[in-house]
Amino acid sequence: CKQYDVSDYPVKIVELCEKHGISVFEKYLPKEVSGLIVIQKDNYKDFNTGKLIVVNLSDSAARRRFTIAHELGHYILHKGDKIG
């Protein structure tokens, strides 16, 4: 996909997030939470960034990869929405 400068497969999803200025973190989360995305002007709690995706370290590598892509999709689809 030329629009997002993707030419190699499998897609290097963390690098793609970084191109959008989003940091990716792995952390143990409650088992019912696969991940989350935070986009805000100020830094977020324990992280030194306001643009981040956190994925559940308890999930398999394949599931974490899916979650990162899913959350990045939210960012791309809602990029023009107002942030807090």
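Helices here are DSSP runs of H or I with at least four residues, and strands are DSSP runs of E with at least two, both numbered from the N terminus. By that rule, Arg64 has its place in helix H2, and this residue is a good way into the fold.

A word on the ground rules before going further. This is a predicted model, where local features need pLDDT of at least 70 and side-chain atom pairs count only at pLDDT 80 or more, while totals for chains, interfaces and linings use all residues. Residues are numbered from 1 along each chain as its sequence is written, and side-chain values use heavy atoms, with hydrogens and water left out.

**The overall fold**

The protein's secondary structure amounts to two helices and three strands. Following the sequence gives the pattern α-β-β-β-α. Of the 84 residues, 29% are buried; buried stands for under 20% relative accessible area, exposed for over 50%, and partly exposed for what falls in between (1.4 Å probe, protein chains only). The accessible surface comes to about 5,900 Å², and carbon and sulfur atoms hold 53% of that. Such areas come from the Shrake-Rupley method with a 1.4 Å probe, and for residues only the protein chains shown count as cover. Taking contacts (heavy atoms within 4.5 Å) between residues at least 6 apart in sequence, 58% join residues at least 24 apart.

**The sheet and the helix across it**

How are the three strands ordered in the open sheet? The order is S1-S3-S2, with mixed pairing. Strand S1 (23–27) and strand S2 (35–39) are the edge strands, each pairing on one side only. From one strand to the next, the twist averages 20 degrees. Two strands count as paired if DSSP finds at least two bridges between them. As general background, strands of a sheet pair through backbone hydrogen bonds, either parallel or antiparallel.

Both senses turn up here: S1 and S3 pair in the parallel sense over five bridges, whereas S2 and strand S3 (residues 51–56) pair in the antiparallel sense over five bridges. Val55 in S3 takes part on both sides: Gly35 stands opposite Val55, and Val55 is also the bridge partner of Glu26. Because five of its six residues are buried, S3 is largely enclosed by the rest of the structure.

Helix H2 lies across S1, S2 and S3 and runs at about 150 degrees to S3. For such angles, axes are lines fitted to C-alpha atoms, for helices over the stretch in contact, and the angles run from 0 to 180 degrees between N-to-C directions.

**Charged residues of H2**

Which residue meets Arg64 in a salt bridge? The partner is Glu26, with the side chains 2.9 Å apart, N to O. The pair links distant parts of the chain, with Arg64 in helix H2 and Glu26 in strand S1, 38 residues apart. A salt bridge here needs a side-chain nitrogen of Lys or Arg within 4 Å of a carboxyl oxygen of Asp or Glu, and the count by this rule comes to one. In general, side chains of opposite charge can pair when their charged atoms come close. Besides Glu26, Arg64 touches Val55, Asn56, Leu57 and Asp59, leaving aside residues up to four places away in sequence.

Glu71 also lies in H2, which covers residues 61–77. Glu71 is buried yet has no salt bridge, and the nearest side chain of opposite charge, Arg63, is 7.6 Å away. For charge, Lys and Arg count as positive and Asp and Glu as negative; His and the chain ends are not counted. With residues up to four places away in sequence set aside, Glu71 touches Gly35, Leu36, Ile37 and Ile53. Arg63 is likewise found in helix H2, and its C-alpha atom is separated by 8.0 Å from that of Ser34, 29 residues apart along the chain.

**Accessibility side by side**

Tyr44 joins the table from the loop between S2 and S3.

| Residue | Relative accessible area | Class |
|---|---|---|
| Arg64 | 17% | buried |
| Tyr44 | 21% | partly exposed |
| Arg63 | 37% | partly exposed |
| Glu26 | 45% | partly exposed |

The salt bridge therefore joins a buried residue, Arg64 at 17%, to a partly exposed one, Glu26 at 45%. As for Tyr44, its contacts are Val38, Thr49, Gly50 and Leu52, not counting residues up to four places away in sequence.
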